Amino acid sequence: MYTASLRALVDELGKLPGVGPKSAQRIAFYLLRIPSEDALRLAEAIIAVKERTAFCPRCFNVAEVDELCEICSDPSRDAGTICVVEDPRDIAAVERTRRFGGTYHVLHGALNPLEGVGPEQLRIQELVSRVKEDSVREVILCTNPNLEGEATAMYLARLLGPLDVRVSRIASGLPVGGDLEYADELTLGRALEGRHDV
Amino acid sequence: MDRQTTSSHTCVERLLLRNFRNFFCGSFEPPLRGMTAIVGPNGAGKTTLLEAIYYAINQRSFRVVDREALIQTGSNTAVVRALFRCDDRELLVETELCRDQRSRLQLNRQPVRTREIRTLVPMTIFSPEDLMIVQGPPAGRRLLLDNALGLVDVNGPETVEVANRIIKQRNALLRRTGGHRSTSLVRSLEVWDEEWANAGTKLAEYREQLVSMLEPVFCELYSLYSSVVPTGKGGMSSSEGRAGVSYRRSWKGRLVDALRESRDEDIRRGVTTCGPHRDDLVLYLDSREARLQASQGEHRTLALALRMALHQLVIDRDHRVPLLLLDDLFSELDETRARALKEAMPVGQAFLTTANGLPKGVGVDQVVDVRTLQLAAADL
């Protein structure tokens, strides 16, 4: 029904996250219709990101090839505090808070034996080396508040415990500006447990 | 026909079926209160009617069947549309089963998750398959408890889900190691041990609380039913017929310690050997384990008492009577016993099926021949 090249494009697009067969087909025909230079710009952007982007050798955030990432190379950031996240996108989320002046460490996942992800698959050894070698005062465990994220945080807490460093876990509770009545029981329960004196 | 609405119980106002099992097109408007007997010859679709109501709430059948079997032969889709009334709320549940696609489910014309309907429309079912609760493996009894943990605590259902995910993760970790013990494995295991110990202990405690709530009601109902239900011991009531129930943990002491003790065995066998996923709900009759001792008739009565005890707990907590589905309740019962059993049922809306007609003297509020519910013209 399709030509070989079109078929190949639909197949490749279909592998993208969140893109099903129908969407893949729609995108492929869209690309077919738009001017060549527009389509080529997309192709070049893909090539450029693959050729020029790598992971920061220190924190494993995205960075230009052979360079430290923007945050690690910024002298105004406090290298003595490390915020541990699962994914580079989580860095963007924490950065938006403008409350954190330290550096990051990206694990690239969370412990998940069902998916075959153990400590060896994550950038955990590199984190331990950083804590041992650089003068790190605090590690903030900022993994997701789900089962796998909590297990990862617990694993790291045990691993870093014997080292001379403060290890903390981000709090979980109610979204600011929200209504109590719309909170789910689990979140509200956690918020109650984590209450503090005022 | 009694059309008076009451807010104190859950009921079906209207049921429409299309291509569901042997119903080409069926419509049913039952009385909103009281017991409706569904009669008809074998294979006419009496149980199917209950199955459709059950399906609208649970998105599966209570009979062990392939989902495809619910769709009429020669058709690609089946439709169940049910209008429920609970606490003066009208809940229109529409579900479409497709042969090769995912089923669609809507509540008041909006897409909805199955679990939501289950919490909105409380329902109790008793069917011949429930004999397996007593006779079958412990998994069925654990599931019975787990599905009712919401009665103990709002976090109950969530705890079940979390515990199930943790045990899957821990078992996956054990399976991948192929029986080899290493320091890195132990380090990972310790994390999952702690997760499993927390969630597993909580789960066992919730189940124990539920069982202690259940016990007095269950024992009372059993002795009530067994005074009227034959025990299958030749009519001679030689036994006292006192029922009991208890929760049996599969480990002793703290779960985290038990896990440490069984660690080597867990690694060797590649599976978690201790925790609430190995626990059991033990039913007793005259202080002996019923599963191993009692007769078929006693097992049936135990299962009924268990189902109805949970039913009663919901009534006591919510002050409203769940919808009650009773498939083939009177089988093997004589008239006196059937009558007494019916009198002991809580008042709400209930449906019962019977193949042999109603036992004499059993007063129900309406008798419906299932064959009259099949419509000729499309009305959906």
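User: How much of the surface that chain A exposes is supplied by carbon and sulfur atoms?
Analyst: This is a predicted model, in which local features need pLDDT of at least 70, side-chain atom pairs count only at pLDDT 80 or more, and totals for chains, interfaces and linings use all residues. Residues are numbered from 1 along each chain as its sequence is written, chains are lettered from A and ligands numbered from 1 in the order in which they are written, and side-chain values use heavy atoms, leaving out hydrogens and water. Accessible areas come from the Shrake-Rupley method with a 1.4 Å probe, and for residues only the protein chains shown count as cover. Chain A exposes about 12,900 Å², and the share from carbon and sulfur atoms is 53%.

User: In what pattern do the helices and strands of chain A follow each other?
Analyst: Helices (H or I, at least four residues) and strands (E, at least two) are DSSP runs, numbered from the N terminus. Chain A has seven helices and six strands. Reading along the sequence, you get α-α-α-β-β-β-α-β-α-β-α-β-α.

User: What radius of gyration does chain A have?
Analyst: That radius is taken over C-alpha atoms, and the globule rule is 2.2 Å times the number of residues to the power 0.38. For 198 residues, a compact globule would come out near 16 Å, but chain A has 21 Å.

User: And what about chain B: what is its radius of gyration?
Analyst: Its C-alpha atoms fill a box of roughly 70 × 55 × 35 Å along the principal axes. A compact globule of 380 residues would have a radius near 21 Å, and chain B agrees with that at 23 Å.

User: What percentage of chain B's residues is buried?
Analyst: Buried means under 20% relative accessible area, exposed means over 50%, and partly exposed is in between (1.4 Å probe, protein chains only). In chain A, 34% of the 198 residues count as buried. For the 380 residues of chain B, the figure is 54%.

User: Of the contacts in chain B with a separation of 6 or more, what share joins residues 24 or more positions apart?
Analyst: A contact here means heavy atoms within 4.5 Å. In chain A, that share is 48%. In chain B, it's 74%.

User: How many salt bridges are there over all chains?
Analyst: A salt bridge is a side-chain nitrogen of Lys or Arg within 4 Å of a carboxyl oxygen of Asp or Glu. B:E13, B:R85, B:D88 and B:E90 are even linked in a network of them. Over all chains, the count is 38.

User: How many residues apart in sequence are the parts that B:E68 and B:R99 tie together?
Analyst: These two form a salt bridge, with the closest N and O atoms 3.4 Å apart. B:E68 sits in the loop between α1 (46-58) and β4 (77-86) and B:R99 in the loop between β5 (89-98) and β6 (104-107), so the parts they tie together are apart in sequence by 31 residues.

User: Which residue is the salt-bridge partner of B:R181?
Analyst: B:R181 is partly exposed at 49% relative accessible area. The closest N and O atoms of its salt bridge are 2.3 Å apart, and the partner is B:D264.

User: Which helix holds both B:R269 and B:E265?
Analyst: Their side chains meet in a salt bridge (2.8 Å, N to O). B:R269 is partly exposed at 45%, and B:E265 is partly exposed at 31%. They're four residues apart, about one helical turn, in chain B's helix α8.
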